[in-house]
Amino acid sequence: MKRILFVDDEPMILAGLRRLLRPQRERWDMSFAGSGAEALALLESKPFDAVVTDMRMPAMDGAKLLELVRERYPATIRIVLSGYFESDAAMRAVPVAHQFLAKPCDPEKLHEAIERSCGFAGMLPDAALRRIVGAVGRLPTLPRTTALLTEALEKPDVPLSEIGRIVEHDVGITAKLLQLVNSAFFCLPYHVTSVRRAVSCLGLDTLKHLVLSVELFHTLQPRYPIAGFSMESFEEHSHLAARIAARLPGPEPVVSAGVVASVLHDAGKLVLASRLPEEFERALEESRARQLPLHIVEQERMGTTHAEIGAYLLGLWGLSGALVDAVSRHHRPVASPADGAGLSVLAIAHIADGLAWEAPLVKAGEPASAWTDLLDHAYLGGIGAEAELPGWRAMAQQVVETRGE
Ligand SMILES: [Fe+2]
Ligand SMILES: [Fe+2]
């Protein structure tokens, strides 16, 4: 049973939440507090999985409350439920909240958001993952521009100009974003020169995830050099995977999600590189020495892998289930009955990652071996993709050859 604490200074709103969420009583143990002080007293009396708070409250506002929650109970999920007209206040919560929801929130959406965040915290029964996330310390919050975008996208009919303003506020992000959009990930027939144009080509969702990848790569930089790891080669691999993903067959929305999953698939490596550098360095070294894939060595040494760690973080931030699932299983894919005909987001992420690893090695003259081949051939056979592989390998070679064009 998950313990959720709702905080709002308006008794009407608390009563409304209590009523709306009554059907969840079987699964959630819910508490309701009318102020920050009352919330802190409850938190002291028993542990909670998540705190969902209003922003604007007298005495202690939501941002202050979540700051204290972060300090005292770092494993508790922190969610802001704010009104449309509280943007300024919500901005203050950006560094401390994992997720933002807009009031009035329909119960379905609220339920889904809480379940999703806690579900990933619930992934922590895995003692190894719990230890890693514990060592990471505070669960990293959603990077700033992504958080502002997420908040803006909660509003109905948000004008494109506002989206443009949020992203363009950060010149570095804008430059990097436009570079990604134009880097042949999406096979666009023309050059995109503004955020607004990028949104209309790719859609808000894809744009948001690209911004997230830019910010993520930036905020999780390793603090000192790690043997066998560099940000340049990390980004190169992620981007190569994305370019390969863009050329795999499928309906546009699935391929776009596959491209995004490919950009983000190794996010867990950044968590390890920036927060557990020594452990990560030793795993890399052993992987090279034994010519064994990194995820296998990580599993042996830490009991979990960068795939689950990355998925955990993205799930906490409320990314869609298909995306989180693709990141989580990119080395160990499983076919799901929900898969329709054609490649799923997970299949695209798995194939693109395998080919992006293999193609540069083949180009460098490395003979094919268990070291160069990360693909799960039983899985590919099961989804009927094995026969396509030679063609995709040739395509990946071509993408490597045309790097930088
Ligand atoms: Fe990986
Ligand atoms: Fe990878």
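Student: Let me start with a residue in the helix. At 32% relative accessibility, what does glutamate 67 count as?

Tutor: Keep in mind that this is a predicted model. A residue is buried under 20% relative accessible area and exposed over 50%. The value for glutamate 67 is 32%, so this residue counts as partly exposed.

Student: Which residue forms a salt bridge with glutamate 67?

Tutor: Look within helix H3 (residues 62-72), where the partner lies three residues away, about one turn of the helix. The closest N and O atoms are 3.7 Å apart, and a salt bridge needs them within 4 Å. The partner is itself partly exposed, with a relative accessible area of 36%. The residue is lysine 64.

Student: How many salt bridges does the structure hold?

Tutor: Side chains of opposite charge can pair when their charged atoms come close. One of the pairs here is lysine 269 with aspartate 266, whose closest N and O atoms are 3.3 Å apart. The count for the structure is ten.

Student: Does lysine 269 count as buried or exposed?

Tutor: The cut-off for buried is under 20% relative accessible area. Lysine 269 has 17% relative accessibility, so this residue counts as buried.

Student: How far apart in sequence are the parts that arginine 301 and glutamate 286 tie together?

Tutor: The side chains of these two residues meet in a salt bridge (2.7 Å, N to O). Arginine 301 lies in helix H16 (residues 294-302) and glutamate 286 in helix H15 (residues 277-290), so the pair ties together parts whose separation in sequence is 15 residues.

Student: Which of the two, arginine 301 or glutamate 286, is buried?

Tutor: Arginine 301 has a relative accessible area of 36% and is partly exposed. The other residue has 19%, and buried means under 20%. The buried one is glutamate 286.

Student: Which residues are linked with Glu286 and Arg301 in a network of salt bridges?

Tutor: We have already met the salt bridge between arginine 301 and glutamate 286. The network also includes two further residues, and these are Arg290 and Glu300.

Student: Now for the metals. Which residues coordinate the iron ion (ligand 2)?

Tutor: In sequence the donor residues are spaced H-x27-H-D-x86-D. They lie at 2.2 to 2.3 Å from the ion. The donors are His237 (NE2), His265 (NE2), Asp266 (OD) and Asp353 (OD).

Student: What is the geometry of the site of the iron ion (ligand 2)?

Tutor: The angles among its four donor atoms run from 82 to 168 degrees. A tetrahedral site would need all angles between 85 and 135 degrees. The site counts as irregular.

Student: Which residues are the protein donors of the iron ion (ligand 1)?

Tutor: Their spacing in sequence is D-x39-H-x23-H-H, and they lie 2.2 Å from the ion. The donors are Asp266 (OD), His306 (NE2), His330 (NE2) and His331 (NE2).

Student: Which residue coordinates both iron ions?

Tutor: The iron ion (ligand 1) and the iron ion (ligand 2) are 3.4 Å apart. The residue that bridges them is buried, with a relative accessible area of 2%. That residue is aspartate 266.

Student: What is the relative accessible area of histidine 306?

Tutor: Histidine 306 is a donor to the iron ion (ligand 1). This residue is buried, and its relative accessible area is 1%.

Student: Let us turn to the aromatic rings. What kind of pair do phenylalanine 229 and phenylalanine 234 form?

Tutor: The count for the structure comes to four aromatic pairs. In this one the ring centres are 5.9 Å apart and the planes are at 50 degrees, so the pair is tilted.

Student: What kind of pair do tryptophan 357 and tryptophan 371 form?

Tutor: The ring centres are 5.3 Å apart. Planes over 60 degrees apart count as edge-to-face. Here they are at 85 degrees, so the pair is edge-to-face.

Student: Where does tryptophan 371 lie?

Tutor: The pair links distant parts of the chain, 14 residues apart, with tryptophan 357 in helix H19 (residues 345-363). Tryptophan 371 is in the loop between H19 and helix H20 (377-382).

Student: Which backbone nitrogen does the side chain of aspartate 8 reach?

Tutor: Aspartate 8 lies in the loop between strand E1 (2-7) and helix H1 (11-20). This residue is buried, with a relative accessible area of 3%. At 3.0 Å, its side chain reaches the backbone nitrogen of glutamate 10.

Terms used: Residues are numbered from 1 along each chain as its sequence is written. Chains are lettered from A and ligands numbered from 1 in the order in which they are written. This is a predicted model: local features need pLDDT of at least 70, side-chain atom pairs count only at pLDDT 80 or more; totals for chains, interfaces and linings use all residues. Side-chain values use heavy atoms; hydrogens and water are left out. Rings of Phe, Tyr and Trp (its six-membered ring) pair if their centres lie within 6.5 Å; planes under 30 degrees apart count as stacked, over 60 as edge-to-face and the rest as tilted. Helices (H or I, at least four residues) and strands (E, at least two) are DSSP runs, numbered from the N terminus. Buried means under 20% relative accessible area, exposed over 50%, partly exposed in between (1.4 Å probe, protein chains only). A polar contact is a pair of N or O atoms within 3.5 Å; within protein, one must be able to donate a hydrogen and the other to accept it, and residues adjacent in sequence count only if both atoms are side-chain atoms. Donors are N, O and S atoms within 2.8 Å of the metal (3.2 Å for Na, K and Ca); water is not among the atoms, so sites may look incomplete. Four donors count as tetrahedral if all angles lie between 85 and 135 degrees; four count as square planar and six as octahedral if opposite donors are over 155 degrees apart and all others between 65 and 115; anything else is irregular.
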